[in-house]
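Welcome! Let us take a friendly walk through this structure, beginning with the ligand and then turning to the pockets.

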Amino acid sequence: MSTVPTITLNNGVTIPQLGFGVFQIEPENTKQAVLDALEIGYRHIDTAQMYGNEAEVGEAVAASGIPRDEIFVTSKLNNGFHDPADAAKAIDESLEKLGFETLDLFLIHWPMPAVGDYLETWKALERMASEGKSRAIGVSNFSTAHLQRLAEAGTTTPAVNQVEVHPYFVQDEIRAYGAEHGIAIEAWSPIAQGKVLDDAALGAVAEATGKSTAQVTLRWHVQRGDIIFPKSVTKERVQENFDIFDFELTANQMDEVSGLDQGADGRQGPDPDEMNMIPS
Ligand code: NDP
């Protein structure tokens with residue numbers, strides 16, 4: 001079995017660098033998908049209130065027989081619960097659905113700058129951490145401007161910023177801010193929801209390394225030091241995505257992959273400053 005490296009977050013909590021994401025996995029398929037991932041060796045699951053499958057993630061963790069403290073689980077505050085009182089209730093609901101006493105990591109899913117005040121929401125997450133409801137807290141889809149506002153207010157530095165990153169959108173500015181301020185980067189949609197997999201340049205690196213384009217892409221993230229959690233409901237792919245610790249990309253191969261960057265044109269998801277959607 002491959003050994004997954006861990007990253008130490010700015011409060012000393014450690015997180016496996018490779019996890020399993022469950023966005024867009026239907027609740028009825030989630031328990032089995034998570035059990036498959038745990039069987040393969042994953043020990044880090046990334047869910048969210050918005051995904052509607054926290055209960056099934058919790059069922060899989062309980063059914064796996066693996067001690068709870070050996071599996072790192074992240075959830076995220078849904079967009080409609082930014083009001084501090086709503087946020088406090090929302091994390092309690094997450095804990096109840098998951099069947100956990102504490103989360104490993106809890107994030108503000110989107111800053112929603114036009115809808116609420118993410119600074120007050122962040123202070124609510126600080127209270128949750130001090131009450132022991134999550135071992136670490138962080139943000140998702142925050143720009144450097146959003147992060148600067150938290151810093152200027154003298155609040156806790158987020159442990160992570162989970163943002164869209166893949167070879168078509170390498171996000172070096174936000175990653176540099178994270179490196180400078182001790183905020184680990186979690187790269188969501190690490191293979192751009194499959195869009196990078198037919199890329200000819202990635203194909204050439206894949207051929208040279210004897211690995212698949214998915215493995216080359218995931219390895220590129222790992223060597224950049226980011227945390228990833230690719231999603232798949234296909235067990236062979238879940239295994240393939242796990243088998244990325246037995247080879248290394250050269251500096252030239254790393255540059256070739258980074259060179260595929262298309263800047264903001266490469267985005268697959270929404271621009272955080274324009275994301276105001278509150279799911280029903
Ligand atoms: P990914 O980049 O992980 O791509 C998932 C897609 O790629 C699926 O269609 C999957 O197909 C396919 N796939 C996976 N592995 C392979 C492989 N080895 N070969 C070929 N195809 C493959 O996209 P996600 O958007 O799911 O991102 C991963 C995780 O990031 C999410 O699950 C979620 O946890 C998080 N996320 C967070 C966001 C945020 O706002 N914070 C936003 C989006 C994602 P199939 O399942 O059919 O096998």
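## Contacts with the ligand

A polar backbone atom of Phe 23 lies 3.0 Å from an oxygen atom of the ligand. Keep in mind as you look around that this is a predicted model. Two serines also take part through their side chains. In Ser 140, a polar side-chain atom is 2.9 Å from a nitrogen atom of the ligand. In Ser 232, an N or O atom of the side chain comes to 2.6 Å from a ligand oxygen atom.

How much of the ligand does the protein bury? On its own, the ligand would expose 910 Å², and the protein buries 88% of that area.

## The shell around the ligand

If you look at the surroundings of the ligand, you will find 28 residues. Those that come nearest are Asp 46, Gln 193, Lys 231, Ser 232 and Thr 234. Ser 232 is thus one of the nearest residues and also the one whose side chain has an N or O atom 2.6 Å from a ligand oxygen.

Which kinds of residue make up the shell? There are 13 nonpolar, 11 polar and four charged residues around the ligand. Helix H9, which covers residues 235-242, gives the most to this shell, with three residues.

## The largest pocket

Where does the ligand sit? Its place is in the largest pocket, which has a volume of about 840 Å³. The lining of this pocket is made of 38 residues. Nearest the centre of the pocket are Phe 23, Gln 24, Ser 189, Gln 193 and Lys 231. You have already met Gln 193 and Lys 231 among the residues that come nearest to the ligand.

Sorted by class, the lining has 18 nonpolar, 14 polar and six charged residues. Helix H9 appears here too, giving the most to the lining of the largest pocket with three residues.

## The second largest pocket

Now for another place to explore. The second largest pocket holds about 290 Å³ of space and is lined by 20 residues. Of these, Ser 143, Phe 169, Gln 171, Ile 174 and Arg 267 lie nearest the centre of the pocket.

Strand E8 (160-164) and helix H6 (172-181) each supply at least two residues of this lining. The largest share comes from H6, with three residues. By class, the lining of the second largest pocket divides into eight nonpolar, five polar and seven charged residues.

Notes:
Residues are numbered from 1 along each chain as its sequence is written. This is a predicted model: local features need pLDDT of at least 70, side-chain atom pairs count only at pLDDT 80 or more; totals for chains, interfaces and linings use all residues. Side-chain values use heavy atoms; hydrogens and water are left out. A residue is near a molecule or strand if one of its heavy atoms lies within 4 Å of it. A polar contact is a pair of N or O atoms within 3.5 Å; within protein, one must be able to donate a hydrogen and the other to accept it, and residues adjacent in sequence count only if both atoms are side-chain atoms. Accessible areas come from the Shrake-Rupley method with a 1.4 Å probe; for residues, only the protein chains shown count as cover. On a 1 Å grid over the protein atoms alone, a cavity is a set of points where a 1.4 Å probe fits but cannot get out, and a pocket is an open set with protein on both sides within 12 Å along at least five of seven lines; lining residues have an atom within 4 Å of a point. A molecule sits in a cavity or pocket if more than half of its atoms lie within 2 Å of its grid points. Helices (H or I, at least four residues) and strands (E, at least two) are DSSP runs, numbered from the N terminus. Ala, Val, Leu, Ile, Met, Phe, Trp, Tyr, Cys and Pro count as nonpolar, Asp, Glu, Lys and Arg as charged, and the others, Gly among them, as polar. Grid points are joined across faces, edges and corners, and a volume is the space filled by probe spheres set on the points.
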